[in-house]
Amino acid sequence: MNTSNSLVWFRRDLRAFDHAALYQALSTSRQVHCVFVYDTDILDGLPRDDRRLRFIHASLASLDAGLRQLGGYLIVRHGSALQEIVTLVKELGVSEVHANTDYEPSALARDAQVALQLAAAGCAFHSHKDQVIFEKNEVLTLAGGAFSVFTPYKNAWLKRLGARPDTLAAYPVDAVAHAFAPPASASALPALEEIGFTPGEAPLAAGMEGAEELFEAFVDAMPDYGRARDFPAEDGTSRLSTHLRFGTTSIRHLVRTAQQMMQSGAGGSGASVWLSELIWRDFYAMVLFCNPHVVDRAFKPAFDAVAWDADAEADALFAAWCEGRTGYPLVDAAMHQLNQTGFMHNRLRMVTASFLTKDLGVDWKRGERYFARQLNDYDLASNNGGWQWAASTGCDAQPWFRIFNPVTQSQRFDARGEFIRRYLPQLARLDGKQIHAPWLVKPQALAERGVVLGRDYPAPIVDHDAARRRTLERFAVVKKVLAVVDDADAGDGDD
Ligand SMILES: Cc1cc2nc3c(=O)[nH]c(=O)nc-3n(C[C@H](O)[C@H](O)[C@H](O)COP(=O)(O)OP(=O)(O)OC[C@H]3O[C@@H](n4cnc5c(N)ncnc54)[C@H](O)[C@@H]3O)c2cc1C
């Protein structure tokens, strides 16, 4: 007989199905209340028109409706999460708080503080794995260490899943719904204005329904994913990243479906490639958890020796990159996509990150912070992993001497210039050959198509070949540091 009352604290898991914390609370408590806190410790640093708040706001309405269908409801608070949770626990008289684990270092620190204060008030705090398939150090090397290379991690991940298929089992929230505390009133979630944000439409269909709609459409496209995912003009990827970020869908549901499509053959070759991408997400979450220093330093310490440009010229180059006026059409179109929609295609994240670090010589941390402000799907682990990959400072990163050429990337992945035309309409009349590098086109031919460089579109702000040489020199320091480390290691061996 369950006698305790519990509170489920929703954070980045805004759904009412297949939810570890909700299921555990419902199956072990007499009555369960649910809360989401608009946490001012996070919100105070965001611009008032932040698109993500609109997504969260719409997703909370969907979550509240979902909980009400099951017999419960959602309490929404605005304030410092630490104080709000402790206050609510006392108001409701609950003795247990359940939440799904958030692995970001600042979230872990916050939760540790919450747990301490709750303990002082006689309330237990339970944290559950929900956001990933395998967490923390569940997947380790044979020697018992954390992986730093993706492919062996993926193989070990798949092996573990093969041995523990129950990991993918859904948490059947509806089967234990009798324990929900019934709603005290009709739904009245705070409007965005009430918490100090500008109202507006969510940047994509939000909530559990929005996620499922996207996933259903993607399932039909999955067989071709392996090919289509590289072409930003095509609708070839799932666009589920924002839903995964805020937990409006369940990672178990997605992995299960991908596996079923692989087993039935319906997923063609695309299903296993897509599953790999979901494993990258687990991989970067694990990397961050096991190596929290990556938040503000290189994964590989030797790469902290790289001296990025940090003068007024670097500031100007950084501003041009942010605003999409580098003179390299694919880079600029990608930055316009990001600024206008809050989304950027994966191929373009790699191209723009490489361009900032290796063509402009600007510190990856500045680009990472810019993405963090702009991306709807911003996730510290994946963003940091992606940036350190592109800057060659990360684990399993692009080798530092491999430098993307922004023109050949454009020719390969947007051959006809369709994506570029979508975001740079001033170049719309250039043909598929001209559009990738307008400065190579004779001024008269450009003018015939309505483009004067410097007036309608910038001349390139750097010469790629010269930038490439500077980057090779910049990274030469790493070779020296590594040589010193090697010597020291050899010395140790001699002792
Ligand atoms: C510089 C850089 C920054 C990035 N920042 C983020 C970020 O802040 N948040 C984020 O979710 N992803 C980030 N990514 C990874 C990737 O670009 C996005 O997950 C993907 O573009 C989202 O589109 P989608 O949902 O259509 O992906 P799909 O291709 O449909 O992939 C399905 C899911 O797999 C996961 N995934 C795919 N690729 C990766 C990857 N390389 N690393 C980790 N997970 C992946 C995502 O959760 C994604 O939604 C970044 C990549 C780079 C190179």
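The ligand sits in the largest pocket. This arrangement belongs to a predicted model, and the ligand offers a convenient point from which to begin.

Four elements give two or more residues each to the shell around the ligand: the helices α9 (241-246), α11, α14 (346-359) and α16 (380-390). The largest share comes from α11, which supplies six residues of that shell. In total, 27 residues surround the ligand, and those that come nearest are Y225, T237, S238, R239 and N346.

Several pairs of polar atoms can be picked out between the protein and the ligand. A backbone N or O atom of R239 is placed 2.6 Å from an oxygen atom of the ligand. With W274 the side chain takes part, as one of its N or O atoms is 3.0 Å from a ligand oxygen. For D377, a backbone N or O atom lies 2.9 Å from a nitrogen atom of the ligand. On its own the ligand has 830 Å² of accessible area, and the protein covers 95% of this.

The path now leads from α11 along the chain. The loop between α11 (270-290) and α12 (312-322) holds K300. This residue has a relative accessibility of 32%, and because that value falls between the limits of 20% and 50%, K300 counts as partly exposed. Beyond its neighbours within four places in sequence, K300 is in contact with T393 and G394. The C-alpha atom of K300 is also 7.0 Å from that of C395, although 95 residues separate the two along the chain.

After this loop comes α12, in which A314, L317, F318, A320, W321 and C322 are buried. What do the buried residues of α12 pack against? Their partners are the helices α13 (329-341), α14, α15 (364-374) and α16. Just after α12, the backbone at G324 adopts a positive phi of about 65°.

Helix α14, already met beside the ligand, contains R349. Its relative accessibility is 18%, and R349 therefore counts as buried, the limit being under 20%. When neighbours within four places in sequence are set aside, R349 is in contact with F343, M344, F371, L375 and D377. D377 was named above for its backbone atom 2.9 Å from a ligand nitrogen.

Two further residues lie earlier in the sequence. D64 belongs to helix α3 (residues 51-69). With a relative accessibility of 2%, D64 counts as buried. Its side chain reaches the backbone nitrogen of L74 at 2.9 Å. L74 also appears among the contacts of D64 outside its neighbours within four places, together with Y73, S187 and L189.

R15 is located in the loop between β1 (5-10) and α1 (20-28). Is R15 buried or exposed? Its relative accessible area is 2%, so R15 is buried. The side chain of R15 reaches two backbone oxygens: that of D18 at 2.7 Å, and that of F17, which lies 3.0 Å from a polar atom of the side chain. Apart from neighbours within four places in sequence, the residues in contact with R15 are F10, L63, D130, M208, G247, T248, T249, S250 and R252. S127, by comparison, is 112 residues from R15 in sequence, and their C-alpha atoms are 17 Å apart in space.

Note on methods
Residues are numbered from 1 along each chain as its sequence is written. This is a predicted model: local features need pLDDT of at least 70, side-chain atom pairs count only at pLDDT 80 or more; totals for chains, interfaces and linings use all residues. Side-chain values use heavy atoms; hydrogens and water are left out. Buried means under 20% relative accessible area, exposed over 50%, partly exposed in between (1.4 Å probe, protein chains only). Contact means heavy atoms within 4.5 Å. A residue is near a molecule or strand if one of its heavy atoms lies within 4 Å of it. A polar contact is a pair of N or O atoms within 3.5 Å; within protein, one must be able to donate a hydrogen and the other to accept it, and residues adjacent in sequence count only if both atoms are side-chain atoms. Accessible areas come from the Shrake-Rupley method with a 1.4 Å probe; for residues, only the protein chains shown count as cover. On a 1 Å grid over the protein atoms alone, a cavity is a set of points where a 1.4 Å probe fits but cannot get out, and a pocket is an open set with protein on both sides within 12 Å along at least five of seven lines; lining residues have an atom within 4 Å of a point. A molecule sits in a cavity or pocket if more than half of its atoms lie within 2 Å of its grid points.
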